[in-house]
Amino acid sequence: MSKRIPWESDILEVLITEEQIRAKTAEMAHQISQDYQGKEVILVGVMVGAVVFLADLLRAMEIPVIVDFVAISSYGKDTRSSGVVRILKDLDLNIESKHVIIVEDIVDTGLTLKYLVDNLSARSPATLRVCALLDKPSRRKIPVTIHYLGFTVPDKFVVGYGLDFDQRYRNLPFVGVLRPEIYAG
Ligand code: PRP
């Protein structure tokens, strides 16, 4: 019996399959584990989108891992280009002298990540790197460094595996392109 996936019919095409995500996540976790051999890492998930990727990434890690979360908000999507963002939920942990990796589902304009990197850097972590499942470089407004990257995606409306449209589709196990009629109303 085939698995019924909610909202699958709203998807125009599957860009990255469940299997591709699983293989790439294992590869990334292995690379991070090699790079931080003998160290403990704090993975900082950026809510909400990164939770799915983070959950799989951390279970594939081969070194001790601690998890914390931040929630960031721009002042509405329309003002995102201004780069004005604020922290809705801060870290619970003190990251001073710790090895920190920010985990994102997607880097788009780069504004969220730039803000977070600047903000967390000011707390004097021992090291600070970025791990993102997806990169959409065509939308970049500000340069950011992604140390561990899964896939580069084209400038299409992608949802699934944590990524949403209007809070929906996060539970799809793949990354797909949303049918334009869905978001065009
Ligand atoms: C998404 C994504 C990143 C950010 C990237 O979050 O998870 O945090 O946008 O965009 P940027 O590079 O243009 O700043 P979103 O604000 O959609 O919230 P969500 O994670 O709750 O879906």
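In this predicted model, Asp105 is buried and yet takes part in no salt bridge. The nearest side chain of opposite charge belongs to Arg170, 5.4 Å away. Because a salt bridge requires a side-chain nitrogen of Lys or Arg within 4 Å of a carboxyl oxygen of Asp or Glu, the distance of 5.4 Å to Arg170 does not qualify. Asp105 belongs to strand β5. Apart from neighbours within four places in sequence, Asp105 is in contact with Gly49, Ala50, Leu133, Leu134, Gly162 and Leu163.

A second charged residue, Lys136, is likewise described as buried without a salt bridge. Lys136 is placed in the loop between β6 (127–135) and β7 (148–152). For Lys136, the nearest side chain of opposite charge is that of Asp155, at 4.2 Å. The cut-off for a salt bridge is 4 Å, so a pair must lie within that distance to be counted. The side chain of Lys136 does, however, reach the backbone oxygen of Lys156 at 2.9 Å. Once residues up to four places away in sequence are set aside, Lys136 touches Ile106, Val107, Asp108, Val153, Pro154, Asp155, Lys156 and Val158.

Other charged residues do find partners, and the count of salt bridges comes to 13. One of these pairs is Lys24 with Glu27, whose side chains meet at 3.6 Å, N to O. Lys24 and Glu27 are three residues apart in helix α1 (residues 18–35), and therefore about one helical turn separates them. An α-helix has 3.6 residues a turn, so residues three or four places apart point the same way. Helix α2 (residues 51–59) offers a pair with the equivalent spacing: Asp56 and Arg59 are three residues apart there, separated by about one helical turn. The closest N and O atoms of Asp56 and Arg59 are 2.7 Å apart, and the two residues form a salt bridge. Asp56 is partly exposed, with a relative accessible area of 28%, whereas Arg59 counts as exposed at 63%.

A further salt bridge joins Asp166 to Arg168, with the closest N and O atoms 3.6 Å apart. Asp166 counts as exposed, at 52% relative accessibility, while Arg168 counts as partly exposed, at 42%. Elsewhere, salt bridges that share partners link Asp68, Lys89 and Asp92 into one network. Between Asp166 and Arg168 in the sequence stands Gln167, in the loop between β8 (158–159) and β9 (175–178). Gln167 has a positive phi, near 75°, although the residue is not a glycine. At 56% relative accessibility, Gln167 counts as exposed.

Ser97 provides another instance of a positive phi in a residue that is not a glycine, with a value of about 65°. Ser97 is located in the loop between β4 (85–89) and β5. With a relative accessible area of 53%, Ser97 is exposed. Glu96 allows a comparison of sequence and space: Glu96 and Thr127 are 31 residues apart in sequence, but 9.5 Å apart in space, C-alpha to C-alpha. Thr127 lies in strand β6 and is partly exposed, with a relative accessible area of 28%. Leaving aside neighbours within four places in sequence, Thr127 is in contact with Tyr36, Lys98, His99 and Val100.

The backbone also has a notable feature at Met47 and Val48. The peptide bond from Met47 to Val48 is cis, with omega near 0°. Val48 lies in the loop between β2 and α2. Together with Val51, Met47 and Val48 form a nonpolar patch on the surface, with about 200 Å² of accessible area in total. Val51 is found in helix α2 and counts as partly exposed, at 33% relative accessibility.

Helix α3 (residues 111–121) turns attention from the surface back to buried positions. Which residues of this helix are buried? They include Leu111, Thr112, Leu113, Leu116 and Leu120. The cover over the buried residues of α3 includes the strands β2 (41–47), β3 (65–74), β5 (99–107) and β6. Two of these strands have already appeared in this account, since β5 holds Asp105 and β6 holds Thr127.

How values were computed:
Residues are numbered from 1 along each chain as its sequence is written. This is a predicted model: local features need pLDDT of at least 70, side-chain atom pairs count only at pLDDT 80 or more; totals for chains, interfaces and linings use all residues. Side-chain values use heavy atoms; hydrogens and water are left out. Patches are made of residues with over 30% relative accessible area and no salt bridge: like charges are joined within 9 Å, nonpolar side chains (Val, Leu, Ile, Met, Phe, Trp, Tyr) within 5 Å. Accessible areas come from the Shrake-Rupley method with a 1.4 Å probe; for residues, only the protein chains shown count as cover. Helices (H or I, at least four residues) and strands (E, at least two) are DSSP runs, numbered from the N terminus. Buried means under 20% relative accessible area, exposed over 50%, partly exposed in between (1.4 Å probe, protein chains only). Lys and Arg count as positive and Asp and Glu as negative; His and the chain ends are not counted. A polar contact is a pair of N or O atoms within 3.5 Å; within protein, one must be able to donate a hydrogen and the other to accept it, and residues adjacent in sequence count only if both atoms are side-chain atoms. Contact means heavy atoms within 4.5 Å.
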